[in-house]
Amino acid sequence: MKAAIRALVCASAVLVPLVGLAAPASAATTVVFDCEAKPPLVGNKYLKLNQDADVTAPATVAPGAALDVVIDPAPNTVPAEVSGYQVKNIKDFSLKIPIPANSTWVGADLAGGSGIGSTPPKITVSGSVATLSFPGPIAGGSTFELPTVTAHLTAGSSGTIETKLGGTSYSDPGLTFTAVVSAGFDVSAPTACFPNPSPTFTTTTIG
């Protein structure tokens with residue numbers, strides 16, 4: 001990845017789309033995030049972060065049928081330095097995944113992944129939002145990969161199931177994390193991101 005904190009975005013295309021029982025469709029998707037970092041003293045910094053991911057989803061699913069989502073994130077590398085400052089690590093990652101309309105969340109499985117710290121990532125659900133999170137840290141200059149995610153859902157009675165990432169603004173972010181850089185001393189920059197534009201990853205027709 002080329003942007004300073006782009007390393008944390010690998011999961012951003014990782015957790016929303018749905019896979020079902022019909023013949024699957026496969027798509028490579030690029031998400032562009034607008035990010036606002038808030039380091040102390042020097043004022044807010046603004047970044048654009050990109051992330052590619054392969055997403056597989058069904059074209060159709062029967063009413064009330066189970067859907068399995070398979071999301072394959074690409075490996076990423078944390079930058080070693082940004083604007084002449086050493087990146088020590090990135091940590092406290094959180095990605096919001098809205099549960100799509102016309103579907104019900106059942107659960108999710110995580111498999112594989114590497115380089116994201118000793119504490120395994122987890123998925124929690126509150127209301128209509130599922131959140132992927134892990135504490136890290138991931139060292140600057142290192143390569144890591146988020147796990148393959150299989151999300152389990154149940155289709156509603158009719159309509160379509162569209163999958164997107166959460167977040168609409170810096171004050172309503174879908175992705176948050178903290179970057180720690182060295183400037184003679186450690187500086188932590190809480191960062192909030194949202195997809196702009198926010199792509200629809202998959203559309204599944206119920207019927």
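Which element of the protein chain has the lowest mean pLDDT, and which the highest? This is a predicted model, and I would like to begin with its confidence before turning to the structure itself. Among the elements of the protein chain, strand 6, residues 81–82, has the lowest mean pLDDT, at 75, whereas strand 3, residues 60–61, has the highest, at 94. Over the protein chain the average pLDDT is 81, and 86% of the residues score at least 70. The stretch to treat with reserve is residues 1–25, where pLDDT stays under 50, although the model has 121 contacts beyond four places in sequence for these residues. Where pLDDT is low, the predicted coordinates should not be read in detail.

Let me move on to the disulfide. The structure holds one disulfide, formed by cysteine 35 and cysteine 193, with their sulfur atoms 2.1 Å apart. Because cysteine 35 lies in strand 1, residues 24–37, and cysteine 193 lies in strand 16, residues 186–195, the pair ties together parts that are 158 residues apart in sequence. The torsion about the S-S bond of cysteine 35 and cysteine 193 is about 115°, and the disulfide is therefore right-handed. As for the surroundings of the two cysteines, cysteine 35 has 0% relative accessibility and so counts as buried, and cysteine 193, at 0% relative accessibility, counts as buried too.

Cysteine 193 also brings us to the core. The largest nonpolar core has 37 residues, and Cys193 is among those with the most contacts inside it, together with Phe33, Leu95, Ile138, Leu153 and Leu175. The elements that give two or more residues to this core are strand 1, strand 2 (45–58), strand 4 (66–73), strand 7, strand 10 (129–134), strand 13 (148–155) and strand 15. Of these, strand 7 gives the most to this core, with five residues.

That leads to the strand pairing, which I will follow from strand 7 through strand 15 to strand 16. Strand 7, residues 85–98, and strand 15, residues 175–182, run antiparallel and are joined by seven bridges, and lysine 91 stands opposite threonine 178 in strand 15. Strand 15 in turn pairs with strand 16, again in the antiparallel sense, over eight bridges, with valine 181 standing opposite valine 187 in strand 16. Strand 15 and strand 16 form a hairpin with three residues between the strands, and in this hairpin glycine 184 takes a positive phi near 90°.

Conventions. Residues are numbered from 1 along each chain as its sequence is written. This is a predicted model: local features need pLDDT of at least 70, side-chain atom pairs count only at pLDDT 80 or more; totals for chains, interfaces and linings use all residues. Side-chain values use heavy atoms; hydrogens and water are left out. A disulfide is a pair of cysteine sulfur atoms within 2.5 Å. Helices (H or I, at least four residues) and strands (E, at least two) are DSSP runs, numbered from the N terminus. Buried means under 20% relative accessible area, exposed over 50%, partly exposed in between (1.4 Å probe, protein chains only). Two strands pair if DSSP finds at least two bridges between them. A nonpolar core is a set of buried Ala, Val, Leu, Ile, Met, Phe, Trp, Tyr and Cys residues joined through side-chain atoms within 4.5 Å. pLDDT is the predictor's confidence in each residue, from 0 to 100. Contact means heavy atoms within 4.5 Å.
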